[in-house]
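I opened these notes to record what I looked up, beginning with the enclosed spaces, then one strand and its neighbours, and last the relation between two of the chains.

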4 protein chains.
Amino acid sequence: MAGNSFGEAFRVTTFGESHGEGVGVVVDGCPPQIPLKSEDFAIDMGRRRPGMGSFDTPRKEKDHVEVLSGIFEGLTTGAPITLLIRNKGANSKSYEVLAQLFRPGHGDYTYFRKYGHFDYRGGGRYSARETAARVAAGVVARKILEPLDISVTAYTVELGGVKAKNINFDSADKNPFYCPDPDASERMLKTLSKAGEEGDSLGGITEVRVRNCPWGLGEPVFDKLDADLAKAVMSIGAVKGVEIGAGFEAAGLKGSENNDPLVPGGFKSNRAGGILGGISNGDEISLRAAIKPIPSIFLEQDTIDRNGNAAKLKLKGRFDVSAIPRILPVLEAMVRIVIVDHYFRARTKNA
Amino acid sequence: MAGNSFGEAFRVTTFGESHGEGVGVVVDGCPPQIPLKSEDFAIDMGRRRPGMGSFDTPRKEKDHVEVLSGIFEGLTTGAPITLLIRNKGANSKSYEVLAQLFRPGHGDYTYFRKYGHFDYRGGGRYSARETAARVAAGVVARKILEPLDISVTAYTVELGGVKAKNINFDSADKNPFYCPDPDASERMLKTLSKAGEEGDSLGGITEVRVRNCPWGLGEPVFDKLDADLAKAVMSIGAVKGVEIGAGFEAAGLKGSENNDPLVPGGFKSNRAGGILGGISNGDEISLRAAIKPIPSIFLEQDTIDRNGNAAKLKLKGRFDVSAIPRILPVLEAMVRIVIVDHYFRARTKNA
Amino acid sequence: MAGNSFGEAFRVTTFGESHGEGVGVVVDGCPPQIPLKSEDFAIDMGRRRPGMGSFDTPRKEKDHVEVLSGIFEGLTTGAPITLLIRNKGANSKSYEVLAQLFRPGHGDYTYFRKYGHFDYRGGGRYSARETAARVAAGVVARKILEPLDISVTAYTVELGGVKAKNINFDSADKNPFYCPDPDASERMLKTLSKAGEEGDSLGGITEVRVRNCPWGLGEPVFDKLDADLAKAVMSIGAVKGVEIGAGFEAAGLKGSENNDPLVPGGFKSNRAGGILGGISNGDEISLRAAIKPIPSIFLEQDTIDRNGNAAKLKLKGRFDVSAIPRILPVLEAMVRIVIVDHYFRARTKNA
Amino acid sequence: MAGNSFGEAFRVTTFGESHGEGVGVVVDGCPPQIPLKSEDFAIDMGRRRPGMGSFDTPRKEKDHVEVLSGIFEGLTTGAPITLLIRNKGANSKSYEVLAQLFRPGHGDYTYFRKYGHFDYRGGGRYSARETAARVAAGVVARKILEPLDISVTAYTVELGGVKAKNINFDSADKNPFYCPDPDASERMLKTLSKAGEEGDSLGGITEVRVRNCPWGLGEPVFDKLDADLAKAVMSIGAVKGVEIGAGFEAAGLKGSENNDPLVPGGFKSNRAGGILGGISNGDEISLRAAIKPIPSIFLEQDTIDRNGNAAKLKLKGRFDVSAIPRILPVLEAMVRIVIVDHYFRARTKNA
C-alpha cells in the first residue's frame, strides 16, 4: 500500500530506480512565490555524489535536476513541484549475477519475497540512488527555511570506530566527512582507505543540528517533532538507530543530571535536544543517527539463490567504502522536510 | 494540526488528560468477528499501573476499560472500537504550584508556549496517563496477532546503569523489570531503591522483540517497517532513542561483520533486527529504546515562572523512580499496533 | 480499512452504534482557548431530535453531550475533544426480526456481506443515530467559525414533490422544515402527514449556504473545496446527490449564460456557487443535496433472509416519515467541518 | 496544503501545467507483476484529445505517455509508477492578455487571490490539461480491474439540452459523444455545431457505470464508496453536480417507490445505484455528473483586471465547444481509481 509519501502539510513523494529512467520527487504543499531554479540544486546534489578519492564508485553521476512543474517565471506557484534526475551511463551488465543471488545486508531478499519481482540492477527502488530525490526535495525545503533563518547541518562524529572528540565546528567543512575534529578526520580518512583496500566497508555516527528552530513545532501525541524526525531519519536505508539530544546516554543519567533547568530566556543545558513533550522548545535541535557499514563488500560472502540453495557471492565493481559522507545531505534533507512540514502544521493551531 | 492518530489501515486515535474525565482511544480498522471483552484488558492495564513496592505513585489507578462501541454479542463488528478509562481519585490540589512554575524535563514550558493554555495538573494531555489508552489499543492489536501466532515482548536490559549480561528469558517474568538476567534485576532493584531514597530518578534501556513476524511487512520508501517502528516508539514521552537490531553498535562494525549471511531457510545471524530494506525478512524483529529518567524528582531545581522570572521548584507528592517497568506494556502496545497496521497494509500489495 | 475519520487539519472521528452505549466523536485539530461547554450543544442536538408532531419516532432522545476530553477551565486546550452522547431507553426487542430479514434500502444486506456480523438493532453503526456525533462535532466547528463571522445554514427547498418557490428567508425558521416559502411549507406538512398515514415515507431537496466564506479555501487539484463538500455531504446516509451552485441546471445552460461576469468588488451573479477552480471566490457558497425517502416504511416489502430465501417484511414501530428536517443540522455540521478544515489548511499556503 | 493526491491504498499524485514541461502523475500502491507499457495508454489518451471536427482546439496534442519509473521487464514492480506527458507546440503568446484580465468561469481570479502568482497561460495548473495525467493513472487502474472483469464506462445522456431517451448501448461507440441514443446524438452534433458558430459553449450530463463491481467496497462512515466517488468526480473542473443511482429523482419518490426490493440472488431494481449504506451491493454502480458549459467563449464578457477595474474580454483562439466528450475518459479514470483504491482497502477488513 502506498508508502512513498512523507509529510502532511509539506508532502514529498519520491519515485524512480537506480537503473531506470531516473529518480525524482513531487513536492506538494510548497507556498507560492519562492524563487527556485535548476542551479539551486547543484551544491546539495554535488555533496551526495560519489567521488571521495580512491573509494568512489565508477558512476560519475552528473545529477542535474530538471524542474518539470510548479514554477512560473522563476517562482513557485503553489502547485506541485516535480524534480527529475535522469540516470546516466548506468551499466546494468555487471548486475546480471544479482538476478540469481541475494546480496547479504541489502533488500534483495525481502523485495523478492514481497514483490515476487524486482529490478535487481543496483537495487532498483531500494538503491541509495533514491536518496537523490530526497536531497532535491530538501533543497525546496531549504529555500523555505532560509528566509526564516533556520538552518540544518549534518556532520560526522564517528567513522570506523574513530570518534570526534575536540569539537570545532569551524573545521568541519575542511574535510570530506564534515567532521568537526580535524585530528579525528585525518584518522577517519586513513581508516577508510585501509578498509577500502581490504575490500570491506565502514559505518559511523552522524549528528544533525537545527539552528534557530522556533518553539512550538510538533503535534502530540503521535506526530511529535521527535517522533517524525525519528521516522524521517530511520527511513534512510543505511540508518539503524536514531537518538535525540542525550539519547542513549540519558538512559544512564539520573533525573537531576538529565533535566535541563529553565533560566530566564531559555535553558541552562540542552540534553533534551531542543524538544520537550514532543514540541520544539526554541533551543537547538540535535539528533544522531547510526549508519551501518555499506553491505556491498568485495569479500566472499555466504548467501542463497532464488531457489533457496546455498551459494557464494563475490561482488565486482567499485563501491563506496562508507555511506558517510554521502549520507550527510540526505540527513539534512529529511530533517529540513520535517521542520518545514511541522512549521506549516503549527501555523494552524499555535496560540 | 491533528496529530493524535497513528496508523493507516489500523488507526488509533487517543484522547484524554490525566486529570479530566479519563483517557481513551478509538481503534479504527479492526476486522469484524474478533472476540473482545472488558476483561481482556486487565493484564496489560495492570502491568502499566504504578505499584512497584516503595517507589509507586499514590494514585491507585484501577484502570477499568469501558468498551463504548464496536462490539456486538462479544465480537468486534468492523466499526470503530472506543475504549474509555475513567480517571479516579485524582487530587488536583497538589498541582496548584505548577500553574505558575514549569517543571524541568516535562512538556510544561512547550505546551504553555504552543497552546497558551494547558491543563497543568499532572501534565494534562502530556501526562504518562495518556499511555493507558495506547495500552488498551494494544490489547485489540494483540487479539488480532494472537491467532497469527505473532507475539511482542518488551523487557529491560539496563536500568540506572545496571546492565543485563547473562540473558535467560525464562527468568524475565520473575522480576518486576522483566529483566532476563536474574542477577542484574537484583541490582536494578537496589539501585532503584537508593535513587528513590535520594529523591532522584533513573533511566534505562528496554528491548522489544517480535516473534514469528511474517516476511513482507513494510512499505518503502517512507513507510518502512523500521521507520514506522521508530516513530511509534519515539512518540512515547520518555523515549529519547531507538535502534533496530545491532543499532548504534553497527556503526562500529565492518560490512563483513555486520552483514547477516543468508543460508537455506533463513539467516545465519540477525544484526539487521529482522528488517532489510525496510521490509521484515521473516527473522525475529528486535529494537531497543532509550528511556530517560523521569523528570519528576524531589530535589530542588532551577526553573522559571510563567512570566519568565527565575524560581526554585521542589516537587511534593510521590512519583515513580523510573518509567521502567511501567513503560514495557506501552512499548509492546505501540509495536503491536505497527505490526497489525503493516500486516493489513501488506495484504493489498504483497505478491 | 480505517474510514471513520474526516478532515486533515481539523479531523473528526466518529464512533458508536444506535443500540450500544452511545455515539460520539473525537475532534482533533481544534485550536486552544475557545470557550466550549456542554450547553453549547443543546440547540443543534435538539434540532436533530425526532419530534415533529405525529411523525416522530418513539425514542425521546435526550441527547446530552458529555465532554470527555480537551477542555480545561471552560476552554479548549488544543488536545483532542471527545464528545459522548449516551443512548437511552433503546428497546432492542422490536428489532429481533431484523436479525434474519434484510430491510430494503438500508445497509443491512451490505453490512452483512462485508462484515459477516453486524448489530442489526436499528442499523447499529449505519443508523442515522451516528449523525448525532457529526452534529456535536459541527458545534465545535461553529464555535471556530462564529468569531470569523462565517455562518452555515441549511433549509428545505423541496419535500415530497412540493417545491419552495417564493423565497423569503425570514420565514424559514417559522416552520419545521426551515423552508423559506411559507406556502410551500404548509403543503409540505400536509404531504408529510398524508404519507405518514399511508405508512410511506418522503424524500426532498435541501440547500446549504455559507455566508462570509473568505476567498482562498480549497486545495486543488483533488482537495478542492467543492470536492470535499461533495464527499462530506454524500457521506450522510440519506443523500443521493450533491450539486454546487447552479449544479445540474448548469448542464443545460450555454457558457454565456452560466459564466458569472466579474465586476469591481466581486461577481455579477453566482451560478458558480461561490467556488471557482475548486477555490472559494469570496461569494456565498451554495449547494443542494438530494435526500432519498426514509427506507423504513410500514408497507409490506419483498426481501430475503440471511440464507437468501425470499421473504416478506412488514416493519413495526414508529419512524420518521422523512429525513427532513432532522438532516438539516447534520448537513450544516458537515459543511462547517469542511470549511474549518480548509480554513486551517489554507493558512499554510495562501499568499 | 498538499492537496494533489487522491486515494489511500492506491494513491495518485498529479503534477504539471498546461504550458510548462508537461503534466504527469505518480501512482503509488500498484501491485507488482502487472504488464504495463507505453502503448497501453494510447486509446484512453486519444479519447481525451481535442479533435471533434470543426470544434476542436488548435493544439494537436500528441499525448505520448512516458513511463519514468515503476516498471521492470515490462511488469510493474510495486514501486511508484511515474507517467509523464510532455507538452508540445504550446503557443503562450496568445495568452498575454490573460496576464491582466480574469476570464469569467475559470479559476483565474481565485488562483490569483490564493497564490498571488499563477501561470495564466491556458490556466496553468487548473487547465483541463491536468486531466491527461488522471487519464494516464486511470489506465493503470484499468489494468488492475481488467483481470477482475470489472469495467467502467462513461457516456453522454444530455448535451446542450438534448436528452438521450431511447437507450441502446450498442450504438454508444458509434458517435463521438458515446451517447446511447442514435437520434439524440445526431441532434447533439447539430446543437454543438450551432453553439460553436455562435461563439458560445454547451454543458451536459454524463453517466458512468461500473459493471461487475464486487460487493463489499466502501469504508463507512466517511470513506463510503459513494462519498469517495462524489469527491473524485467533483474534483474534475467542469463538474458541478454528482448523483448516485436515482439521485435527485429519488427526492421526489416515496419510500415504497425508491426502495429496491431484495430477491433471491440480488435486487429487483437498482435505484440505489449499486451502493447501500456506503458499500457496494454487487449490483451495477451508476452515477451521473453535471458538466457545466466550457467557460471559454468568443462572445464579449464583462470582467475585471488585476487591479480590480472593470474591463471587457473577448477571447481569441479556438476552444472546444463542450467538455463533452473529452471528459468521458477522465470520468472513467477517476471512477476506476476509486474502485481500485476501495478494492485494496476492502481486502484488509472484509469478512
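Entry 1, cavities. I began with the enclosed space in this predicted model, and the search returned 16 cavities of 30 Å³ or more. I then took up the largest cavity, which holds about 1,200 Å³ of space, and asked which residues lie nearest its centre. The lookup gave Glu8(A), Arg11(A), Glu8(B), Glu8(C) and Glu8(D), out of a lining of 49 residues. Sorting that lining by class, I noted 28 charged residues, twelve polar ones and nine nonpolar ones. When I asked which element gives the most to the lining of the largest cavity, the entry that came back was helix α7 of chain C, residues 327-347, with four residues.

Entry 2, the strand that carries Arg11(A). Since Arg11(A) is listed among the residues nearest the centre of the largest cavity, I turned next to strand β2 of chain A, which spans residues 11-16. Is this strand mostly covered or mostly open? I found it mostly covered, with six of its six residues buried. Going through the side chains by direction, I wrote down Arg11(A), Thr13(A) and Phe15(A) as pointing one way from β2(A), and Val12(A), Thr14(A) and Gly16(A) as pointing the other way, with burial recorded for all of them.

Entry 3, the partners of β2(A). On one side I looked up strand β1 of chain A, residues 5-6, which runs antiparallel to β2(A) and is joined to it by two bridges. These two strands form a hairpin with four residues between them, and in the turn Gly7(A) has a positive phi of about 100°. The second partner I checked was strand β3 of chain A, residues 22-28, which pairs with β2(A) in the antiparallel sense over six bridges; here too a hairpin is formed, with five residues between β2(A) and β3(A). I used Thr13(A) to tie the two pairings together: Thr13(A) is the bridge partner of Ser5(A) in β1(A), and it also stands opposite Val26(A) in β3(A).

Entry 4, chains A and D. Finally I asked what rotation superposes chain D on chain A, and the result was 180° with 0.0 Å of shift along the axis, at an RMSD of 0.0 Å. The two copies are therefore related as by a two-fold rotation axis. I also compared their contact residues and noted that the same surface serves both copies, as 100% of the contact residues of chain D recur in chain A.

Definitions and conventions. Residues numbered from 1 in each chain as written. Chains lettered and ligands numbered in written order. Predicted model: local features only at pLDDT ≥ 70, side-chain atom pairs only at ≥ 80, totals over all residues. Heavy atoms only, no water. Least-squares fit on C-alpha atoms with pLDDT ≥ 70 in both. Contact = heavy atoms within 4.5 Å. Buried < 20%, exposed > 50% of the residue type's maximum accessible area, 1.4 Å probe, protein only. Pairing = 2+ DSSP bridges. 1 Å grid on protein atoms, 1.4 Å probe; cavity = no way out; pocket = protein on both sides within 12 Å on 5 of 7 lines; lining within 4 Å. Points joined across faces, edges and corners; volume = space filled by probe spheres on them. Nonpolar A, V, L, I, M, F, W, Y, C, P; charged D, E, K, R; others polar.
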